[in-house]
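Student: I should like to learn how to read the features of a protein model in order. May we take them one at a time?

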Amino acid sequence: MSQVGRASKHLKGKVEEEQTCPVPQEEEEEVRVLTLPLQAHHAMEKMEEFVYKVWEGRWRVIPYDVLPDWLKDNDYLLHGHRPPMPSFRACFKSIFRIHTETGNIWTHLLGFVLFLFLGILTMLRPNMYFMAPLQEKVVFGMFFLGAVLCLSFSWLFHTVYCHSEKVSRTFSKLDYSGIALLIMGSFVPWLYYSFYCSPQPRLIYLSIVCVLGISAIIVAQWDRFATPKHRQTRAGVFLGLGLSGVVPTMHFTIAEGFVKATTVGQMGWFFLMAVMYITGAGLYAARIPERFFPGKFDIWFQSHQIFHVLVVAAAFVHFYGVSNLQEFRYGLEGGCTDDSLL
Ligand SMILES: [Zn+2]
């Protein structure tokens, strides 16, 4: 039977039921017994109808209160949520609809395209622009791999987040692991060029950031890491991973002096990158601005979107700083003096 036929039959049944009321006292008990399986049957039909509508793309956004627990993440976003849609086709089609995740999907989908493009351009640059082409391309490649994986896991997660509890949990773990990969990847070219002439501290710092990054990825596999209760824990873990860069920064600044650190060391750009990243994590953890105006940022300018934009901007600023370091190295023709890290 077609869905429409079923629905109309279901409606007719309901009308007939209503017409038979009121029920005489002695029959009441019997009717109550009969309505239970009937109700279950109607619920099943409603469910089938809903699945069919989702498949057709005929779903509507719903308010926060009616979301199932596993979709309840931010209670300051009052309306405009996608309903649970256990169909990947429906989830991917929702990229082109307006709801609470539209901005989150697009900010990182466009960021992903930008970094994929930048990465390909950097990898295809002629070898004559590098002092050690193979090593330098590997080092830049790690940064782009981190950025591209982070951004693609992120937009994929936000797209399939409403699929089902299991899918949302799996993809949220990928999303968090992606952030750790981006941070680890960002450290690689920065440490490579900043400590170009001192391989020992360079190796030590690279090893430490790898251990910390892998630890963050392991922590992100914990099922409760993704729950709203641990929003601050998440911000803290990734902030801590990023802030581990303070140690090599201090090392560099003390050894080379403040002037050299801010000029050839590009510390101004890396400082800007850190400010953007920390601001993003802060807004994310505190859920600003929607905390102050619940329901006003349901679709656009919610904290998560601002955080997404700041992540892309920070990664871009980082790439710019690292490119300047690379250019400086190229200008020196690969030479090292006795008393320099750089
Ligand atoms: Zn996100």
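Student: Where is P289 found?

Tutor: The model is a predicted one. P289 is found in the loop between α11 and α12.

Student: What kind of peptide bond joins I288 and P289?

Tutor: The omega angle is the quantity to inspect. For I288 and P289, omega is about 15°, and the bond is cis.

Student: Which sign does phi have at R287, positive or negative?

Tutor: Phi is read residue by residue, with attention to whether the residue is a glycine. R287 is not a glycine, yet its phi is positive, at about 55°. R287 lies in the loop between α11 and α12. F301 also has a positive phi, near 65°, and is a residue other than glycine; F301 likewise lies in the loop between α11 and α12.

Student: Are R287 and F301 buried or exposed?

Tutor: Burial is read by counting C-beta neighbours, and a residue is buried if 20 or more lie within 10 Å. R287 counts as buried because it has 22 C-beta neighbours inside 10 Å. F301 has 14 such neighbours inside 10 Å and therefore counts as partly exposed.

Student: What share of the protein chain do buried residues make up?

Tutor: Of the 342 residues in the protein chain, 34% are buried.

Student: How many helices and strands does the protein chain have?

Tutor: The protein chain has 12 helices and 0 strands. Along the sequence the pattern is accordingly α-α-α-α-α-α-α-α-α-α-α-α.

Student: What do the contacts in the protein chain say about separation in sequence?

Tutor: One takes contacts between residues at least 6 apart in sequence and asks what portion joins residues at least 24 apart; in this protein chain, that portion is 73%.

Student: At what angle do α11 and α12 pack?

Tutor: A helix pair is described by the angle and the distance between the two axes. For α11 and α12 the angle is about 165°, and the axes are 8 Å apart. The two helices are therefore roughly antiparallel to each other, since an angle over 145 degrees counts as such. Their crossing is left-handed. Among the residues that make the contact are W269, F270, M273 and G280 of α11, together with S303, F307, A314 and G321 of α12. By class, the contact of α11 with α12 has 16 nonpolar and 6 polar residues, and no charged ones.

Student: How is S303 placed within this picture?

Tutor: S303 is in helix α12. S303 is buried, because 22 other C-beta atoms lie within 10 Å. Its C-alpha atom is separated by 8.1 Å from that of G280, although the two residues are 23 residues apart along the chain. Neighbours within four places in sequence aside, S303 is in contact with L283, Y284, R287, I288, P289 and E290. The list thus includes R287 and both partners of the cis peptide bond.

Student: Is G268 buried or partly exposed?

Tutor: G268 is partly exposed, with 13 other C-beta atoms within 10 Å. G268 is found in helix α11. Between G268 and G321 the C-alpha distance is 8.5 Å, and the separation in sequence is 53 residues.

Student: With which angle do the axes of α6 and α12 cross?

Tutor: The axes of α6 (residues 165-194) and α12 (residues 303-331) cross at roughly 20° and come within 9 Å. That angle makes α6 roughly parallel to α12. The crossing of α6 past α12 is left-handed. The contact of α6 with α12 has 7 nonpolar, 4 polar and 1 charged residues.

Student: How does α6 pack with α8?

Tutor: The angle is about 15°, with the axes of α6 and α8 10 Å apart. α6 is therefore roughly parallel to α8, and α6 passes α8 in a right-handed crossing. Y176, I179, A180 and I183 of α6 meet R234, F238, L241 and G242 of α8.

Student: How many residues are in the largest nonpolar core?

Tutor: In soluble globular proteins, nonpolar side chains tend to be buried together. Here the largest nonpolar core has 63 residues, and A147, A180, I183, A314 and A315 have the most contacts inside it. The largest share of this core, 14 residues, comes from α6. Leaving aside neighbours within four places in sequence, A180 is in contact with G213, A216, I217, A220 and L241.

How values were computed. Residues are numbered from 1 along each chain as its sequence is written. This is a predicted model: local features need pLDDT of at least 70, side-chain atom pairs count only at pLDDT 80 or more; totals for chains, interfaces and linings use all residues. Helices (H or I, at least four residues) and strands (E, at least two) are DSSP runs, numbered from the N terminus. A residue is buried if 20 or more other C-beta atoms lie within 10 Å of its own, exposed if 12 or fewer, and partly exposed in between; C-beta atoms are placed from the backbone. Two residues are in contact if their C-beta atoms, placed from the backbone, lie within 7 Å. Axes are lines fitted to C-alpha atoms, for helices over the stretch in contact, and angles run from 0 to 180 degrees between N-to-C directions. Angles under 35 degrees count as roughly parallel, over 145 as roughly antiparallel, 65 to 115 as roughly perpendicular and the rest as oblique. A crossing is left-handed if the near helix is turned anticlockwise from the far one by less than a right angle, and right-handed if clockwise. Ala, Val, Leu, Ile, Met, Phe, Trp, Tyr, Cys and Pro count as nonpolar, Asp, Glu, Lys and Arg as charged, and the others, Gly among them, as polar. A nonpolar core is a set of buried Ala, Val, Leu, Ile, Met, Phe, Trp, Tyr and Cys residues joined through C-beta atoms within 7 Å.
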